[in-house]
Amino acid sequence: MPVKYQDIYSLEVASRETNIYTENQLFSYHDRLSNMKANLFNYFIEASRSAIFNFNYIDHLELLDNWLIDVVLTNNHRIQISRRNIRNLKERLGI
């Protein structure tokens with residue numbers, strides 16, 4: 001089932017599949033995340049090696065006790081930002 005890029009909230013690797021989250025649905029796609037990343041627009045941010053999200057759908061950020069950051073999307077899906085990607089997130093959001 002085709003999904004428009006602007007409707008994608010996040011993409012995450014689980015086992016050998018890539019899960020594609022939209023506002024109300026979850027799709028599984030049998031391809032590597034790195035292959036899909038090449039086709040994504042610049043409004044997607046890499047959260048970790050196994051997750052990418054659309055920053056247009058950020059509801060808020062939460063600072064965790066271990067100094068990591070969780071991004072909470074408007075569909076209430078949480079994505080943890082890896083330590084190596086925190087600087088990139090701050091730059092992209094202008095904070």
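In this predicted model, strand β4 and strand β5 (residues 51-54) run antiparallel to each other and pair over 4 bridges. The link between them is a hairpin: 2 residues carry the chain from β4 to β5. Within this pair, Glu 46 has Ile 52 in β5 as its bridge partner. Strand β4 is also well tucked away, since 4 of its 5 residues are buried, so the rest of the structure largely encloses it.

Stepping back, β4 and β5 turn out to belong to an open sheet of 5 strands with antiparallel pairing, and the order across this sheet is β3-β2-β1-β5-β4. The edges are formed by β3 (26-29) and β4 (44-48), each of which pairs on one side only. From one strand to the next, the twist averages 25°. So what does β4 look like when these points are put together? It is an edge strand, and yet it is largely enclosed by the rest of the structure, because 4 of its 5 residues are buried.

Over at the other edge, β3 pairs with strand β2 (residues 17-21), again in the antiparallel sense and again over 4 bridges. Here Thr 18 stands opposite Tyr 29 in β3.

Next comes a look at a single residue, Asp 70, which sits in strand β7 (residues 69-73). Is Asp 70 buried or exposed? With a relative accessible area of 9%, Asp 70 falls under the 20% cut-off, so it counts as buried. Its side chain still has a polar partner: it makes a polar contact with the side chain of Arg 78, at 3.0 Å. Leaving aside residues up to four places away in sequence, Asp 70 touches His 60, Leu 61, Glu 62, Leu 64, Arg 78, Ile 79 and Gln 80. Arg 78 thus shows up both as a polar partner and in the list of touching residues.

Now for the chain as a whole. The protein chain holds 2 helices and 8 strands, and from the N terminus on they come in the order β-β-β-α-β-β-β-β-β-α. Its radius of gyration is 13 Å, close to the 12 Å that the globule rule gives for 95 residues, so the chain is as compact as a globular protein of that length. The C-alpha atoms fill a box of roughly 35 × 25 × 20 Å along the principal axes. Of the 95 residues, 40% are buried. The accessible surface comes to about 6300 Å², with 46% of it belonging to carbon and sulfur atoms. As for contacts between residues at least 6 apart in sequence, 38% join residues at least 24 apart.

Conventions. Residues numbered from 1 in each chain as written. Predicted model: local features only at pLDDT ≥ 70, side-chain atom pairs only at ≥ 80, totals over all residues. Heavy atoms only, no water. Buried < 20%, exposed > 50% of the residue type's maximum accessible area, 1.4 Å probe, protein only. Polar contact = N/O pair within 3.5 Å; in protein donor to acceptor, adjacent residues only side chain to side chain. Contact = heavy atoms within 4.5 Å. Pairing = 2+ DSSP bridges. Axes fitted to C-alpha atoms, helices over the stretch in contact; angles between N-to-C directions. Rg over C-alpha atoms; globule rule 2.2 N^0.38 Å. Areas by Shrake-Rupley, 256 points an atom, 1.4 Å probe, with all protein chains shown as cover.
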